[in-house]
Amino acid sequence: MAKWGEGDPRWIVEERADATNVNNWHWTERDATNWSSDKLKSLLLGLSVENDEGACEVTEVSKLEGEASINNRKGKLIFFYEWNLKATWTGKSKTGVKYKGSIEVPNLSDENDMEDLDISISLNKDEPDTPLVHLMKTKGAEKIREALGSYVGFLKTEFTQGMILPTANGVAKPQSASQSKAKQDKTQVSSGSSTAAPINTGVKIPTCKFTIRDTFLTSPAELYRVFLNQEMVQAFTRSPATVDGERGGKFRLLEGNVFGEFTELVPDEKIVMKWRFNNWPCEHYATITLMFLDRSNETELKVEYRGVPNSEEEQTKDGWKRYYFEAIKQTFGYGARLF
């Protein structure tokens, strides 16, 4: 099987301004890594909180690992950022005693909402206990979260000046600050709880729905397992993958180009997932339902797609046929009868 993206340039994510695929789709990418590093440091350094016990301040950003970029694809701005940061805070009590501790944020990413950030505050091991730790874990963490949220806002406004964002009626115009604060319409999947829609590019995405059917020479139970078992997914994709095959479990495969979450599982009968390709508009997921139908000596797989961006319909169809259906048949022998 060809490596992901080979022979089908529509499925290649990392393109530059001079790259063109067979459909003549042009897009550009702007690297925001260095700018982001400087912006994060400026927002965090000097951040301070105080109460009756004393005052604390972020005095050093000791680690910033990650990257950020913005893609302008067919007039749509798509934001990617992923950071793991560590910082140092110092505190001083009202009695003049000084303390030092650390801050860690391992998951600042376009895949996580601000309220889902893990902000770990600790006191250095050789320091005596102090109420200032509680101050940092409450008010300090809140201010850090606000600062990181500001970074995302600046990324979508300050850094994107000159890049193009389409309006709802399809007419392109420069992005404004108010647009960047608007919330993008995204496909919602009911799972018994609701979360606030993330801040996005402010454009309602025209979507489509369609169905694909295929037949596999195996049982429904075995084909069902192929999609949920990490080792089997790695086998047919020929690349590392992360698959948590439970309801609410996340998956990431094909070199990180495809990821999502399993939202409903009916053993050997149905899988429902939130699914997206990496170059889709930020935070937009399609709902994909796989139904495994027993046809005596074979299984008919009926796959329903809802919420796929209109511009990605053919890409999605071709990708699923090649990188899922054909790959599974070739890897496990489910496409030919043996006599």
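Hi everyone. Let me open with what I mean by a ring pair: rings of Phe, Tyr and Trp, the last taken by its six-membered ring, pair if their centres lie within 6.5 Å. With that in hand, here is the picture I'd like you to keep: ring pairs link Phe210, Phe216, Tyr224, Phe227, Phe236, Trp275, Trp280, Phe292, Tyr305, Trp320, Tyr324 and Phe325 into a cluster. Please bear in mind that this is a predicted model.

So, a word on confidence. The mean pLDDT of the protein is 79, with 75% of its residues at 70 or more. Two stretches need care. For residues 1-26 the pLDDT is below 50, although the model gives this stretch 66 contacts beyond near neighbours in sequence. Residues 164-202 are also below 50, and there the model has 79 such contacts. Where pLDDT is low, predicted coordinates should not be read in detail, and I'll leave those two stretches aside.

Now to the sheet behind much of this talk. Seven strands make an open sheet with antiparallel pairing, in the order E9-E15-E14-E13-E12-E11-E10. At the edges are E9 (207-216) and E10 (242-243), each of which pairs on one side only. Inside the sheet, E11 (residues 250-253) and E12 (residues 258-266) run antiparallel and are joined by four bridges. If you want a spot to zoom in on, look at Lys250, which stands opposite Glu261 in E12.

Which helix packs on the sheet at about 20° to E9? That is H6 (residues 313-332), and it touches E9, E11, E12, E13, E14 and E15. Helix H4 (residues 220-228) lies across E9, E10, E12, E13, E14 and E15, and runs at about 155° to E14.

Back to the rings, then. Trp320 and Phe325 form an edge-to-face pair, 6.1 Å centre to centre with 65° between the planes. Buried or exposed, you may ask of Trp320? Trp320 is buried, because its relative accessible area is 0%. Phe325 is at 2%, so Phe325 counts as buried too.

Another member of the cluster is Phe236, which you'll find in helix H5 (residues 230-237). Phe236 has 1% relative accessibility and therefore counts as buried. From Phe236 to Gln330 is 94 residues in sequence, yet their C-alpha atoms are 8.0 Å apart in space.

Phe216, also in the cluster, has a charge over its ring: the charged end of Lys329 sits there, 5.1 Å from the ring centre. A similar arrangement has the charged end of Lys274 over the ring of Tyr285, 4.9 Å from its centre.

How many aromatic pairs are there by this rule? The count comes to 16. One more is worth a look: Tyr81 and Tyr151 pair edge-to-face, with centres 6.0 Å apart and planes at 85°. This pair links distant parts of the chain, as Tyr81 belongs to strand E4 (residues 76-93) and Tyr151 to helix H2 (residues 132-157), 70 residues apart. Both tyrosines, Tyr81 and Tyr151, are buried.

Last stop, strand E6 (residues 120-123). E6 runs antiparallel to E5 (residues 98-109), and four bridges join the two. Ser120 in E6 is the bridge partner of Glu104. E6 has two faces: Ile121 and Leu123 are on the covered one, while Ser120 and Ser122 are on the uncovered one.

That's my tour. Thanks for listening, and I'm happy to take questions.

Key:
Residues are numbered from 1 along each chain as its sequence is written. This is a predicted model: local features need pLDDT of at least 70, side-chain atom pairs count only at pLDDT 80 or more; totals for chains, interfaces and linings use all residues. Side-chain values use heavy atoms; hydrogens and water are left out. Buried means under 20% relative accessible area, exposed over 50%, partly exposed in between (1.4 Å probe, protein chains only). Rings of Phe, Tyr and Trp (its six-membered ring) pair if their centres lie within 6.5 Å; planes under 30 degrees apart count as stacked, over 60 as edge-to-face and the rest as tilted. A charge sits over a ring if NZ of Lys or CZ of Arg is within 6 Å of the ring centre and within 35 degrees of the ring normal. pLDDT is the predictor's confidence in each residue, from 0 to 100. Contact means heavy atoms within 4.5 Å. Two strands pair if DSSP finds at least two bridges between them. Axes are lines fitted to C-alpha atoms, for helices over the stretch in contact, and angles run from 0 to 180 degrees between N-to-C directions.
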